[in-house]
Amino acid sequence: MSKDAPPTLAVIGLGRIGLPYALLLAKAGYDVAGCDTDPARVAAIEARAVETHEPQVADLLAEATHLEVTTDLGQALVEASAAFVFVPTSSHADGRYDVSRVDAVVDGILSMPRPARLLDLVLSTTLPAGCADGLAARKKPAGIRVSYVPELIAQGTIVRDLTRPALVLLGEADEGAGDRIARILSRVTTNAPPLLRMRRREAELAKMSLNCFLTLKVAFANQVGDVARRIGADPDVVLSAVGTDPRLGSAFLGFGFGYGGPCLPRDNRAFAHVAEAAGCDAVLNAAADDANRRHLDFQVREAVAAAEEGRPIVIEGVTYKPGTTSLEESQQLAFALALVRIGIPVVIRESESVIERLCAAYGDLFVYEARPFRPIG
């Protein structure tokens, strides 16, 4: 590598966020070593044949000339000066984050010989507040600095959100690590977003808090909309007026299905556990979840009241939001299930890949009509 060439970077975990990020780093001119434990996933990436509905990912993969992938963590790290970790954190039954996969990655790195160069280990997976500090405090070879940089993205717009984020949270190990990581981030982003540098636990809590506040906005908007419907007012007119106030803003302030998906519900629950551990009672988080459930009940009652005898209710899409294929905690799917369980037939119009999964899970509970996948934008 020449003196002026960008450093080699590693991306650990090549899933729905890790792969796009690795591709964007490669597009920015870095030599990128990607690592994933799934041999089939690695083979598909090597063959440039990953199946994805995420806009721009397939094109970036086809054009990638600076990306090598492997299942060997040591091989991915051998030349790297920084490693971005995107392995998923699932949730325990009680809502706490399961960080065992992150632990496994850190264990693997710490079991290796002392790195030949300074290694910035950048955790980009959602973590509970204080987790990164705990990982950084482990006995480790000299030369490893642990920082936390969560990605604020949404399914269906991952590449756009990575390149044009509203803000960047940088929980830095120290000032030098923050400077090095900031230089890397500046080559990926195209919109000069606010770069907020802070301690690791502050970045962890800020990331969770952002999603928790969005759940409050969604729950509030639907509560207002429910009242508007009952008194004969137009929810959209009312909420548009509320959202016009610059102190509030219109984002996430529409009337419709409640919040779902892989991020907002679980971050809301996980925040409550962090609060409890700190001796605080996260009453707003519990209230948002309760309002979300009550709004679904309201939607079902309205649909039942308007239903015509023997005629099915048609639902245009049951993924948690349009432009995605995720059914995780989908309020639309919960709505469809509630209707059929009280005897109202339901027709679901969805993409073929989603219909296949619905059939596998629910058989002939619904009637299905295939439609083309409709990406966001």
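Me: In this predicted model, what makes Asp174 a cap for the N-terminal end of α8?

Reply: A side-chain oxygen of Asp174 lies 3.2 Å from the backbone nitrogen of Gly176, and because a polar contact requires a pair of N or O atoms within 3.5 Å, that distance qualifies, so Asp174 caps the N-terminal end of the helix.

Me: How do you know what span to expect of helix α8, and what span does the model give?

Reply: Helix α8 covers residues 175-188, which makes 14 residues, and the expected span is 1.5 Å times one less than the number of residues; on that basis 20 Å is expected, and the helix reaches 20 Å from its first C-alpha to its last, so the two are close.

Me: Why are the buried residues of α8 said to line one face of the helix?

Reply: The residues of α8 that are buried are Ala177, Gly178, Ile181, Ala182, Ile184, Leu185 and Val188. Seen down the axis of α8, these buried residues fall within an arc of 165°, so they line one face of the helix, while Glu175 and Arg183, on the other side, are exposed.

Me: Which residues of α8 does Leu25 contact, and what else does Leu25 touch?

Reply: Leaving aside neighbours within four places in sequence, Leu25 is in contact with Ile184 and Val188, and also with Leu9, Val11, Tyr30, Val32 and Phe84. Leu25 is also one of the residues that touch the most other members of the largest nonpolar core, which has 39 residues; helix α1 (residues 18-27) gives the most to this core, with seven residues. Another core, of 34 residues, lies apart from it, and includes Ala33, Ala136, Val146 and Leu169.

Me: Why does Thr189 count as buried, and where is its place?

Reply: Thr189 has 16% relative accessibility, and because buried means under 20%, Thr189 counts as buried. Its place is in the loop between α8 and β10 (195-198), and, not counting residues up to four places away in sequence, Thr189 touches Leu162, Thr163 and Pro165.

Me: Why does Ala370 count as exposed, and which residues is Ala370 in contact with?

Reply: Ala370, which is found in strand β13 (residues 367-370), has 53% relative accessibility, and because exposed means over 50%, Ala370 counts as exposed. Leaving aside neighbours within four places in sequence, Ala370 is in contact with Glu350, Glu352 and Ile355.

Terms used
Residues numbered from 1 in each chain as written. Predicted model: local features only at pLDDT ≥ 70, side-chain atom pairs only at ≥ 80, totals over all residues. Heavy atoms only, no water. Helix = DSSP H or I, 4+ residues; strand = E, 2+ residues; numbered from the N terminus. Buried < 20%, exposed > 50% of the residue type's maximum accessible area, 1.4 Å probe, protein only. Arc of directions from axis to C-beta. Polar contact = N/O pair within 3.5 Å; in protein donor to acceptor, adjacent residues only side chain to side chain. Core = buried A, V, L, I, M, F, W, Y, C linked by side-chain atoms within 4.5 Å. Contact = heavy atoms within 4.5 Å.
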